[in-house]
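Let's take a walk through this structure together, starting inside and working outwards. Keep the viewer open as you read.

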Amino acid sequence: MNPVVLQSVIDRVRRARHRDLSAERITRSLARAAHDAGERFARDADTVALAARATGFSGQMVGEAARLTFGAITESGLRDMVDAEFGDARALDALDEHQAPGLIAHFLAGNVSPPGIVSICCGLLVKAANIARISSRDPVFPAVFVNALRKVDPELAGGVELVRWDRADRASTASVVREADVVIGYGHDATIEQLRAMTGPSRKFIGYGQKTSVAVVTREALVPERLAAVAADLAFDVSVYDQQGCLSPQTVYVETGGVVDPRTFAEALAAAMADYQQRVPRGELSNDEHAAVSALKSEFAFRAANDSRVGIWTPPSSLDWLVSMEPVTEFRGTCLNRVIRALAFDTFDDVRASLVTLQGKLSTVGLSDPTTRTSALESALTGLGATRICPVGQMQRPPLTWRHDGIPNMACLLHPTPSGHRLGT
Amino acid sequence: MTGAVRGQPAIIMSKTAQHLHDRILRLIRAGDRHEPFDALALDIFTFQYTHNAPYRAYCDQQRITPSTISRWTDIPSVPTGAFKHLEIACFPVAETVAEFHTSGTTHQLAGKHRFKSLDLYDAALRAQFATHLLPDNARPHMVILTPSPADAPHSSLVYMLGQLAAEYAASATFHDTDHRAALARLEELGRQDKPVAVLGTAFSFVHVCDFMRQHGIRLALPAYSRAMETGGFKGRSRAVSKPDLYAMIADRLGIPTSRIVNEYGMTELSTQFYDQTLRVGRQTDRKLVPPWARVIIIDPRTGLPAALGDRGLIRAIDLANLWSAMCIQTEDIGVMHNDGFEIVGRATGAETRGCSLMVGQEPVTP
């Protein structure tokens with residue numbers, strides 16, 4: 001990006017930043033903008049087509065993504081988040097000049113939109129000026145949101161500018177980092193490390209790197225009357241965003257000894273994946289991405305012919321999704337794109353042992369039935385770093401109060417007060 | 001059974017196996033046209049279907065059996081991953097004379113490839129190496145950047161290098177990660193103006209060149225020196241492109257890129273494939289297939305052969321793989337051209353488009 005143009009954008013957003021807008025007003029405007037942005041996706045085929053081309057998702061998945069992203073940003077959702085972190089919106093209004101960052105630089109990445117949009121909302125709620133570098137895989141969602149905000153509340157919208165440049169343009173990244181008080185990085189771990197290094201020790205850096213999620217289906221769910229519903233819920237969690245997000249489960253642990261055995265569950269899951277594919281098709285894959293799915297299918301097809309504990313399900317003449325089944329092993333991820341491994345386990349200790357290598361890399365655990373039986377497992381998973389344990393079917397619907405990667409969404413953006421007593425916890 | 005043991009008493013084979021063994025050996029040694037590939041491949045299929053139980057179970061499920069098959073292109077393939085979970089062998093485990101293991105972490109399973117005899121393996125590795133690395137019939141001094149066979153008894157690559165050293169080298173030394181010793185040997189050979197062959201994994205070359213760069217060392221190895229690199233960057237935390245790697249080798253060791261050859265092999269196969277570079281006198285990524293093998297590029301969308309020029313999964317039909325399975329489906333991506341095939345990458349290498357972690361598909365080492 002032209003350095004003169006970039007500097008003028010930075011200056012403009014600093015000038016336009018309004019510290020006197022109330023948190024209540026900001027909340028209402030953000031919720032209104034989210035609603036309008038959702039409407040735009042629901043009504044405008046061109047917007048959907050543009051987003052589909054950039055993200056690689058089907059048009060139907062773009063619609064699903066818009067509902068999930070903007071559906072979460074409601075007045076009550078935002079208020080809950082503010083209350084959870086500050087006790088009350090007035091605490092935000094009482095923020096000292098020195099506590100709120102002057103300029104926050106958000107470096108968005110990837111084709112999964114919610115984190116970036118929420119990031120911008122949080123930056124506006126703490127009344128900072130915000131520059132968001134949008135990703136080439138998702139330029140449309142942030143643009144639609146900010147445009148909607150401009151119509152709803154132009155004063156507030158002045159506090160955010162969207163910019164875009166190639167990742168190779170390190171000079172522009174460095175310029176923005178130099179000006180920022182807080183740098184927030186999203187994306188591949190390598191990118192985050194580069195950004196962290198560029199930010200240096202004198203500025204605050206918050207990185208949201210790559211994580212994975214898993215689901216656990218227990219005996220309580222493995223009964224005929226619940227089978228289809230649990231399978232459908234899991235198929236949704238797996239298939240949304242074509243499994244590209246950190247909340248997308250790559251593996252589902254299925255308990256043995258229930259009325260329904262793991263193989264029957266896997267079959268039900270396969271049927272649910274097929275059903276979801278009908279309604280919300282997966283995006284197009286490159287040859288190499290196809291090759292990864294094909295390689296997994298080959299391995300499991302051979303093994304399944306020789307081991308009744310192993311199974312593989314795919315559509316009859318495509319690789320639009322894949323369900324594999326085998327006895328529990330050490331965790332292995334999949335190539336994504338709606339490829340889910342089912343691991344049959346006997347005891348919860350098997351699940352814990354399987355996930356040991358994911359220490360610090362585990363995001364969300366979808367648990368079909370939290371009971372007294374699962375409490376030790378839940379503790380163990382929290383110990384491994386899981387930041388959320390929720391019902392299957394809700395994995396992709398974290399409330400705004402969820403601390404992304406365990407980091408408080410907004411409180412982390414603030415500086416400590418001069419006396420050292422930090423507002424909010 | 002440990003290691004790849006030579007000097008065993010004569011191996012007893014059934015008449016069928018012996019006959020197949022001899023036909024394959026003639027094809028490897030005599031080259032073109034001596035033995036029609038198609039008929040031999042189908043006969044080997046019958047043998048492997050009969051004696052390899054896991055393979056038979058899979059073929060039955062695919063409904064492809066010796067009584068229904070008519071073309072070698074229909075022979076069902078064994079995915080490399082299967083070697084981690086099942087015994088892919090046409091003979092009882094107790095008759096194993098050698099076994100090679102894929103690299104696995106302590107947690108992940110290693111694949112095992114067992115042999116009742118290494119005769120075919122030995123013939124294939126010699127024929128291919130001589131053709132591609134010694135087209136000038138040179139007898140170089142080999143400097144090998146891997147452990148010795150005694151130290152890595154289950155590595156197919158190290159076994160191969162040990163065999164080649166014994167057969168074709170004027171002298172040979174194994175250096176593993178002792179860069180100083182490797183460089184000292186290279187310097188000594190350079191002083192004596194003796195042509196050198198440096199052989200190792202791609203990553204061992206990277207380590208050596210990094211070491212040389214850190215210590216400001218450059219060597220200009222004698223004319224007629226050559227290098228062979230293999231293995232790519234599967235499971236490594238850092239990837240160096242082939243052009244960058246070759247530029248490093250040319251810069252630090254003084255071996256021009258027209259004399260660096262990539263070898264493509266794997267634990268699950270008996271035959272290796274090489275760039276045609278030394279044979280044609282210029283750097284090329286194209287690999288030709290010897291008369292006792294075939295390579296098909298499979299379109300992952302359809303499972304059928306891909307069109308020329310299209311990327312797909314490499315499937316190798318290697319008649320020297322008599323004792324296990326001759327048709328192997330790899331997880332490597334390649335392209336077939338009019339003048340040979342080229343390796344492009346790994347199927348498990350595609351990155352996420354979102355924020356999901358992709359982990360555990362392959363062991364990672366630095």
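A good place to begin is A:Phe145, which touches A:Leu30, A:Ala33, A:Ala34, A:Ala37, A:Phe70, A:Ile117, A:Ile120 and A:Cys121, leaving aside residues up to four places away in sequence. Touching, or contact, here means heavy atoms within 4.5 Å.

Before going further, a word on what you are looking at. This is a predicted model, in which local features need pLDDT of at least 70 and side-chain atom pairs count only at pLDDT 80 or more, while totals for chains, interfaces and linings use all residues. Residues are numbered from 1 along each chain as its sequence is written, chains are lettered from A and ligands numbered from 1 in the order in which they are written, and side-chain values use heavy atoms, with hydrogens and water left out.

Back to A:Phe145, then. Together with A:Leu30 and A:Phe41, A:Phe145 has the most contacts inside the largest nonpolar core, a set of 71 residues. A nonpolar core is a set of buried Ala, Val, Leu, Ile, Met, Phe, Trp, Tyr and Cys residues joined through side-chain atoms within 4.5 Å. Buried means under 20% relative accessible area, exposed means over 50%, and partly exposed is in between, using a 1.4 Å probe and protein chains only. Helix 2 of chain A (residues 23-43) gives this core its largest share, eight residues. Another core lies apart from it, with 61 residues that include B:Phe37, B:Ala41, B:Ile296 and B:Leu319.

Now zoom out to chain A as a whole. You can count 16 helices and 12 strands in it, where helices (H or I, at least four residues) and strands (E, at least two) are DSSP runs numbered from the N terminus. With a radius of gyration of 22 Å, close to the 22 Å that the globule rule gives for 425 residues, chain A is as compact as a globular protein of that length. That radius is taken over C-alpha atoms, and the rule is 2.2 Å times the number of residues to the power 0.38. Along the principal axes, the C-alpha atoms of chain A fill a box of roughly 70 × 45 × 40 Å. Of the 425 residues in chain A, 60% are buried. If you take the contacts in chain A between residues at least 6 apart in sequence, 76% join residues at least 24 apart.

What does the outside of chain A look like in numbers? Its accessible surface is about 15700 Å², and 52% of that belongs to carbon and sulfur atoms; such areas come from the Shrake-Rupley method with a 1.4 Å probe, and for residues only the protein chains shown count as cover. Chain A carries 45 positive and 49 negative side chains, with the centres of the two sets 4 Å apart. Lys and Arg count as positive and Asp and Glu as negative, without His and the chain ends; each charge is placed at NZ of Lys, CZ of Arg, CG of Asp or CD of Glu.

One residue to find in chain A is A:Asp96, in the loop between helix 6 (89-93) and strand 1 (103-107). A:Asp96 is partly exposed, at 33% relative accessibility. Its C-alpha is 10.0 Å from that of A:Leu414, although 318 residues separate the two in sequence.

Chain B comes next, with nine helices and 13 strands. Its radius of gyration is 21 Å, close to the 21 Å from the globule rule for 366 residues, so chain B is as compact as a globular protein of that length. Buried residues account for 54% of the 366 in chain B.

Two loop residues in chain B are worth a click. B:Asn137 sits between helix 4 (119-133) and strand 4 (141-144), and its phi is near 60 degrees, a positive value in a residue other than glycine. B:Asn137 is exposed, with a relative accessible area of 69%. B:Tyr224, in the loop between helix 7 (202-214) and strand 7 (226-230), has a positive phi of about 70 degrees although it is not a glycine.

Finish on helix 5 of chain B (residues 156-168), where you will find B:Glu167. B:Glu167 is partly exposed, at 35% relative accessibility, and touches B:Arg126 and B:Arg139, not counting residues up to four places away in sequence.
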